[in-house]
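User: I have a structure open and a few quick things to ask about it. Can you take them one at a time?

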Amino acid sequence: MNIIPLIILFCIAFALQYLLTFLQMRSFMGAYRNLRQRGRVAIGKSKGAFHAGAIAMFAIDGGGNILGGSYIQGVTVFARVRTLGGFEGMDVGAIQKEDCRSRRLSGPVTKAVLEASSNYRILMSGGELPEEPAPLVKAAGALRRLVPHAQETKLKNSGS
């Protein structure tokens, strides 16, 4: 079997994925830039490993009132930035789950909006946002938790 066509197909798929990711990031950065021109920006995200994730962004004035918003939701590189309306004039730190329900937002977008609100409250109170560990750090922690358990089991079995 000739492997050259398979390698070429893989390279084309990789290049297409890179191009589509680039276009998605350009769209996101353009939306962020537009919001940033209007004021400060509060951002929240909802991660989705096997389901749609979302990112919500609000332009806010000096008093924390929402001037406009955008969101992106999806699993693939085909997700595009959309306007997040209905929150204009609200205090970003006072957004509740009911506000999202009344606007019929999806679950991931609701989580992202609530996280943006929470992030704003934390930063305005002088706190710092907690950093989530990288995937490799999480995997290493999971392995560390398994190893002591295996060693304890081995010690118990050898002591009996």
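User: Cys100 first: buried or exposed?

Analyst: Keep in mind that this is a predicted model. Cys100 is buried, with a relative accessible area of 0%.

User: And Cys11, what does that one count as?

Analyst: Cys11 counts as partly exposed, because its relative accessibility is 45% and the partly exposed class runs between 20% and 50%.

User: How many disulfides turn up in the whole structure?

Analyst: Zero; the search covered the whole structure.

User: Back to Cys100. Where does Thr110 sit, and which residues is Thr110 in contact with, leaving aside neighbours within four places in sequence?

Analyst: Thr110 is in helix 3. With those sequence neighbours left aside, Thr110 is in contact with Cys100, Lys97 and Leu105.

User: Is Thr110 buried or exposed, and why?

Analyst: Buried, because its relative accessibility is 9% and the cut-off for buried is under 20%.

User: Zooming out, what is the pattern along the sequence?

Analyst: Read along the sequence, the protein goes α-β-β-β-β-α-α-α. That gives four helices and four strands.

User: What do the strands form?

Analyst: An open sheet of four strands in the order 1-2-3-4, with antiparallel pairing. Strand 1 (40-46) and strand 4 (81-83) are at the edges; each has a single partner strand, so one side of each has no neighbour in the sheet. From one strand to the next, the twist averages 20°.

User: What holds strands together in general?

Analyst: Strands of a sheet pair through backbone hydrogen bonds, and the pairing can be parallel or antiparallel.

User: How many bridges are there between strand 1 and strand 2?

Analyst: Seven, in the antiparallel sense, with strand 2 covering residues 53-60. One specific pair is Ser46 with Ala54, the latter being its bridge partner in strand 2.

User: And strand 2 with strand 3?

Analyst: Those two also pair in the antiparallel sense, over eight bridges. Within this pairing, Ala56 stands opposite Tyr71 of strand 3. The two strands form a hairpin with five residues between them.

User: What is the phi of Gly64 in that turn?

Analyst: Positive, at about 85°.

User: How many residues of strand 2 are buried?

Analyst: Seven of its eight residues, so strand 2 is mostly covered, with buried meaning under 20% relative accessible area.

User: Which strands does helix 3 lie across?

Analyst: Helix 3 (residues 107-124) lies across strand 1, strand 2 and strand 3 (66-74). Helix 3 runs at about 130° to strand 1.

User: Changing topic to overall shape. What is the radius of gyration?

Analyst: The protein has 22 Å, whereas a compact globule of 160 residues would have a value near 15 Å. The C-alpha trace spans about 65 × 55 × 30 Å along its principal axes.

User: What share of the 160 residues is buried?

Analyst: 28% of them.

User: What does the accessible surface come to?

Analyst: About 11200 Å², and 62% of that belongs to carbon and sulfur atoms.

User: Last one: what percentage of the contacts with a separation of 6 or more is between residues 24 or more positions apart?

Analyst: Such residues account for 46% of those contacts.

Definitions and conventions
Residues numbered from 1 in each chain as written. Predicted model: local features only at pLDDT ≥ 70, side-chain atom pairs only at ≥ 80, totals over all residues. Heavy atoms only, no water. Pairing = 2+ DSSP bridges. Axes fitted to C-alpha atoms, helices over the stretch in contact; angles between N-to-C directions. Contact = heavy atoms within 4.5 Å. Rg over C-alpha atoms; globule rule 2.2 N^0.38 Å. Buried < 20%, exposed > 50% of the residue type's maximum accessible area, 1.4 Å probe, protein only. Areas by Shrake-Rupley, 256 points an atom, 1.4 Å probe, with all protein chains shown as cover. Disulfide = S-S within 2.5 Å.
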